[in-house]
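Student: I would like a close look at one part of this structure, with its surroundings described carefully enough that I can follow them in the viewer. Please take me through it in one connected account.

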Amino acid sequence: MDGQTATSLLLERYPEYSTTTKLDDLRATEYSYLDEQHHVYLDYTGAGLAASSQHNAHRDRFMHATFGNPHSSNPTSQAATDLVEHARARILRHFNASPDEYTIVFTPNATGAARLVGESYPWRRSSRLVLTADNHNSLNGLRQFAESSHANTAYVPIYDSENVRIREEDVIAALSRSTVYSPRTWLEKKKKQQKGRDGTRTGGGRRGLFAYPAQSNFTGVRHPLSWVRLAQSRGYDVLLDAAAYLPTSTLDLSELRPEFVMVSWYKLFGVPTGVGCLIARRDALSRLNRPWFAGGTVQAATVGLNWHLMEKDEAAFEDGTINYLSIPDVTVGLEWLSSIGIETIATRVRCLTGWAIERLLTLTHSHGGKMIVLYGPASMHDRGGTICFNIMDTNGTIFDERLVATESAQANISLRTGCFCNPGAGEAALDIKGNVLARLALARAKSYQDFLDVLDVPAVGAIRVSFGIASVAADVESFVAFVEETYQDRIATKKNLTPRARC
């Protein structure tokens with residue numbers, strides 16, 4: 001299909017795409033490096049891309065000022081402090097959050113934000129950590145903190161393996177009952193049974209923590225934001241993972257009011273890397289208790305006496321010296337998004353995602369057999385700009401995603417393969433059931449390959465493409481053409497594949 005025909009069909013299916021032509025102009029100017037490099041970038045869920053003007057702003061800032069460590073009161077320190085505090089205020093405005101109610105804790109990334117909550121949360125034996133099976137490992141890892149305090153962990157299962165969605169009634173059940181386990185937590189359940197713990201609620205006060213993603217990084221499924229109030233009404237604090245959601249949407253914290261939100265800024269606009277944040281309600285932050293202190297987090301400490309006095313509010317959670325040279329780039333990025341309009345970006349991504357799904361699902365081999373198996377919803381209802389799938393050969397066998405990774409890279413296409421640090425969604429999508437996972441209880445896997453050998457399933461990974469601020473219709477057509485030309489009527493093989501080192 002030539003470019004003109006493809007664009008005409010796209011506009012016929014998604015006429016609102018015509019309202020986003022501003023982004024075509026920006027692709028040709030601010031993101032011109034993509035076309036200059038003949039690069040098809042399809043990994044916006046992995047990382048956003050930065051505009052040339054963002055890089056220029058960073059350079060200009062250093063050409064006209066000098067900055068020093070904020071933990072001082074000299075002129076260079078004050079210059080850095082002013083820009084950091086300006087960034088905090090700008091973030092709060094972006095989320096419509098009152099500085100009287102919320103504060104910003106700068107972290108290395110969204111994972112760092114999750115860890116702050118997990119390690120500092122007031123766990124007790126009667127506490128409960130409730131997670132959705134569709135969660136990034138940054139949230140799955142919270143169960144280690146809960147378990148070390150003898151708290152109970154419950155998972156809300158994925159009921160619909162085709163669309164990879166979670167039912168609200170299962171969320172309610174998980175928040176209400178003592179234990180709701182997905183197959184993936186079979187081993188944890190057995191360990192707790194052996195220790196004689198039943199996870200029942202015995203104490204008063206808050207029941208625990210509910211953590212879930214606003215948007216799945218595996219399938220692009222958007223989970224209801226109404227679950228925030230649902231969990232709070234049942235006595236839980238809420239940690240909302242907004243990393244995959246925010247590049248094309250906004251959160252109004254004056255209405256939503258979760259206790260904690262985790263953010264990685266490079267996901268939104270490419271730079272800065274190494275800067276994320278925990279957006280925390282002040283009342284919830286005051287309930288956290290750091291298990292250690294460090295430079296920057298204490299007002300005073302002594303060696304002759306085992307005593308220290310923690311800093312107040314966000315300062316007690318920002319270990320050492322924050323990334324004060326890069327944090328101002330968050331302000332630049334938010335202003336850049338504001339100048340374009342997040343709704344314009346959302347419309348562009350919605351149209352291209354829907355069009356890409358339709359184009360991929362029409363691909364067939366010469367005998368009529370389908371080439372694509374999609375994981376997640378085919379419609380654009382309650383989903384974002386992430387598409388997860390595998391490619392089938394002429395016999396219906398799935399091509400190993402490692403082969404696709406190698407061959408797409410050779411075609412100068414950037415996409416993502418694997419399980420995307422989201423084992424729960426992967427297990428549901430790839431139909432890896434509890435009886436298969438139960439083999440792990442008897443195995444002694446010493447490597448990731450040992451783990452895969454124990455599972456012995458047709459596929460353990462998938463392909464993920466995603467769209468963002470600099471995506472254009474030609475990116476979709478280039479990728480669809482690559483899939484058709486490379487895999488149509490081909491037989492899958494596992495020869496010469498690189499060993500798997502991790503998921």
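Tutor: What follows begins with the chain as a whole, turns to a sheet and the helices on it, and ends with a closer look at one loop and the helix after it.

The model is a predicted one, and its chain contains 21 helices and 15 strands. Of the 503 residues in the chain, 54% are buried, and among contacts with a separation of 6 or more, 73% are between residues 24 or more positions apart.

One of the sheets is open and built from 7 strands with mixed pairing, and its order reads β2-β8-β7-β6-β5-β3-β4. Because β2 (102-107) and β4 (152-156) each have a single partner strand, they stand at the edges, and one side of each is left without a neighbour in the sheet. From one strand to the next the twist averages 20°. At the β4 edge, strand β3 (residues 128-132) pairs with β4 in the parallel sense through 5 bridges, and within this part of the sheet L129 stands opposite T153 of β4. Helix α9 (residues 168-176) packs on the sheet, where it touches β3, β4, β5 and β6, and its direction makes about 165° with that of β3. Another helix, α6 (residues 110-120), lies across β2, β5 (208-213), β6 (236-241), β7 (260-264) and β8 (276-281), and runs at about 155° to β7.

The loop between α10 (186-194) and β5 holds R207. This arginine counts as buried because its relative accessible area is 13%, which is under the 20% cut-off. The side chain of R207 reaches the backbone oxygen of L175 at a distance of 3.1 Å, and L175 falls within the residue range of α9.

A second open sheet has 4 strands in the order β11-β12-β15-β14, and its pairing is antiparallel. Its edge strands are β11 (372-375) and β14, each of which pairs on one side only, while the twist averages 30° from one strand to the next. Strands β11 and β12 run antiparallel and are joined by 4 bridges, with V373 having N390 in β12 as its bridge partner.

The loop that deserves the closest look lies between β12 (386-391) and α17 (401-410), and D393 has its place there. D393 is buried and yet has no salt bridge, since the nearest side chain of opposite charge, that of R490, is 8.5 Å away, whereas a salt bridge requires the charged atoms to be within 4 Å. The side chain of D393 does reach the backbone nitrogen of N395, at 2.8 Å. Apart from neighbours within four places in sequence, D393 is in contact with H365, F399, R490, I491 and A492.

Following the chain onward from this loop, one comes to α17, whose N-terminal end is capped by D400, with a side-chain oxygen lying 2.8 Å from the backbone nitrogen of R402. R402 is itself one of the buried residues of α17, which are E401, R402, L403, V404, E407 and S408. The cover over these buried residues includes β12, β13 (413-414), β14 (416-418), β15 (462-466) and α21 (473-487). Just after α17, N412 adopts a positive phi of about 65°.

Key
Residues are numbered from 1 along each chain as its sequence is written. This is a predicted model: local features need pLDDT of at least 70, side-chain atom pairs count only at pLDDT 80 or more; totals for chains, interfaces and linings use all residues. Side-chain values use heavy atoms; hydrogens and water are left out. Two strands pair if DSSP finds at least two bridges between them. Helices (H or I, at least four residues) and strands (E, at least two) are DSSP runs, numbered from the N terminus. Axes are lines fitted to C-alpha atoms, for helices over the stretch in contact, and angles run from 0 to 180 degrees between N-to-C directions. Contact means heavy atoms within 4.5 Å. Buried means under 20% relative accessible area, exposed over 50%, partly exposed in between (1.4 Å probe, protein chains only). Lys and Arg count as positive and Asp and Glu as negative; His and the chain ends are not counted. A polar contact is a pair of N or O atoms within 3.5 Å; within protein, one must be able to donate a hydrogen and the other to accept it, and residues adjacent in sequence count only if both atoms are side-chain atoms.
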